[in-house]
Amino acid sequence: MSAALNTPPRRDAGEPGRIRRFVTPEGVDLRLTLGEASERAGAFLIDLSIMVAILAAITILCWAMLAGNRFADLSLPAIIWLLSFFLLRCFYFTVFELRPSNATPGKRLMGLRVAARDGGRLGADAIFARNLVREVEIFLPITMFFAGNDPVSGWIAGAGLVWTGIFLFFPLFNRDRLRIGDLLAGTWVVKLPRRALLADLATAPAGSGPAFTTEQLRAYGVKELQVLETVLRQNREATVREVAERIRRKIDWQGESLADGEFLRAYYLALRRELEGKLLFGKRRKDKHDQ
Amino acid sequence: MSDIVNDAPLRDIPLRSNRFRREREAEWQRLESLLKLAEAGRWRRLSDDDLLAIPVLYRSAISALSIARATSLDQGLVRYLEALCTRAYFFVYGGRASLGERLGSFFARGWARAVQGLWRELLAAFLVTLLGAVVAYAMVQADPDWYRSFVPAGLSGGRDPEATAQYLRSTLYDEGRNGGDALSIFATYLFTHNARIAIMTFALGFAFGVPTLLLLAYNGAMLGAMLAVFIRKDLGFELGGWLMIHGVTELLAIILAGAAGLRIGLAVAFPGADSRLASASLAGRQAATAMGGVVVMLVLAGLLEGFGRQLIQGDLWRYAIAGSTAVFWALYFGWPRGRAA
């Protein structure tokens, strides 16, 4: 954390690589964050477990029907089982994503949702397209894998494994983490962020805080201010002490001796007042190297 | 040097960004609580006033986001607003059509329109299937051993060149009614099998359409081989009735799936003026709309197969139903639907 106050900035440092422009009709860029590969995989595993659980429940039900012998012909349980297997396999994802939340239970738990890449409405056609491709991406190779155990089936299983490998890792080989299905449907999976409104740190203190000189407030720019904000929000004792130490040295602080946290808060407030004042005149001082 | 900029009285004045935030905080929190209800799927419980308020609150939040980005250095605030606006955006601009509404417009217009747009690919897919059928028919006629290469044992159910004419006839008409259970299970299995073949025919289209063409030709070949076996025993006409009562719908569905796959393959191979990616995703969405209905057709075909074929034993009746399904699909897909909105 505190290193950022000291080292010269690298290009794009601190900017996560998964942020994409997404301009609303109002002309505001929402800067969407794409879902990480790990989150996507997690969501898929959750969905898969739900599907397996449902299938297990149906299987038990069918067994019970068979064992109870309540139905004279044995075809009903078999038909129910075959149909529900088929429906689960082909429509689980589609039906959930067609709902207004555009997310399966797994995606919801991981805070993800499907969105159209062009920023438009996500149509049913796109949802169909991205989920029908799942059949070849995942389920076909799984079937191949359990095909049988003669030598030919072994080769087929091997081919299926390579095949799944290509599809499985496809999202890792493109910038936008697209599956083949996303590619064909013009969709991507984005994070649906949930953030609480944190307290504003720049509330004026009851009495007058310490005074800083212009010189002292010119030591840092916006980037350092925001690092300071993070430090204050996290409020870890060791970091606060170290950062306070470093700032006191940098600005050559001779004034009243305050507790580290108190000093940082006062400096944060003063620095923000200074930088926001400049912002109103159209000058945004990016970081301490920006004059 | 040490001129004091922030003299004490000035330092007690709250920051502008602080005031800005305090004035609007309540609004944002209202939007957040409404969204929380809406996202949990309980938006029917929102009052009319609340529902009408969401777009207004969204617009004010998004303008606040612009202002905050330009004037506030409170990172926590900007991030909060970004998250809030993103959630509200998806609610305000996302499709709020319910599943039922979406299905309604799909069957009324969307599906038929998409199929109409695919007529070239449909023709090609039909010709490839026909070619497969003709070739397999000729091969099995010349040498019945080819049959096993075309029709897997699991699907033939004993209908192979060695079977007697009597047995073959018995598979066409449900006379004994004793194997009824097994038959309906078999029909369900066939349906799920066919549906997956159809989906695969579509989904493999992105590989320049090659696997799609192969699957179509193979599907035709199975048909041709089966025809050859029955025609050798002079059961061609009877098989026709048995196949076509559901086959019109089923074959059309598979050809449609193939056509949808071909569209994607063509778009990937020859993207034209668009980028390959843009061309693929445009074609993917068009083709997927056509595909959405294919599964429905297969369900109908499965019903015709399971019930129609067992209840209706007369050849002419079977042909009559086959003919009327053909007319129905031709009218349904061919009827002009106007331009896409």
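Helices (H or I, at least four residues) and strands (E, at least two) are DSSP runs, numbered from the N terminus. The model is predicted: local features need pLDDT of at least 70, side-chain atom pairs count only at pLDDT 80 or more, and totals for chains, interfaces and linings use all residues. Residues are numbered from 1 along each chain as its sequence is written, while chains are lettered from A and ligands numbered from 1 in the order in which they are written.

**Exercise 1.** Place Asp234(B) and Phe208(B) in chain B, then describe phi and exposure for each.

*Solution.*
- Step 1. Find Asp234(B) in the loop between H11 and helix H12 (236-269) of chain B.
- Step 2. Its phi is positive, about 60°, although Asp234(B) is not a glycine.
- Step 3. Recall the background: most residues other than glycine have a negative phi.
- Step 4. Apply the cut-offs: a residue is buried if 20 or more other C-beta atoms lie within 10 Å of its own, exposed if 12 or fewer, and partly exposed in between, with C-beta atoms placed from the backbone. Asp234(B) is exposed, because it has 11 C-beta neighbours inside 10 Å.
- Step 5. Turn to Phe208(B), in the loop between helix H10 (180-203) and helix H11 (210-232) of chain B. Phi of Phe208(B) is positive too, near 60°. Phe208(B) has 16 other C-beta atoms within 10 Å, so it is partly exposed.

**Exercise 2.** Describe the side of chain A that touches chain B.

*Solution.*
- Step 1. Two residues are in contact if their C-beta atoms, placed from the backbone, lie within 7 Å.
- Step 2. By this rule, 68 residues of chain A are in contact with 70 residues of chain B.
- Step 3. The largest share of the chain A side, eight residues, comes from H2(A).
- Step 4. Sort that side by type: 39 nonpolar, 12 polar and 17 charged residues. Ala, Val, Leu, Ile, Met, Phe, Trp, Tyr, Cys and Pro count as nonpolar, Asp, Glu, Lys and Arg as charged, and the others, Gly among them, as polar.

**Exercise 3.** Which part of chain A has pLDDT under 50?

*Solution.*
- Step 1. pLDDT is the predictor's confidence in each residue, from 0 to 100.
- Step 2. The mean for chain A is 80, and 85% of its residues reach 70 or more.
- Step 3. Residues 1-15 of chain A stay under 50.
- Step 4. Where pLDDT is low, the predicted coordinates should not be read in detail.
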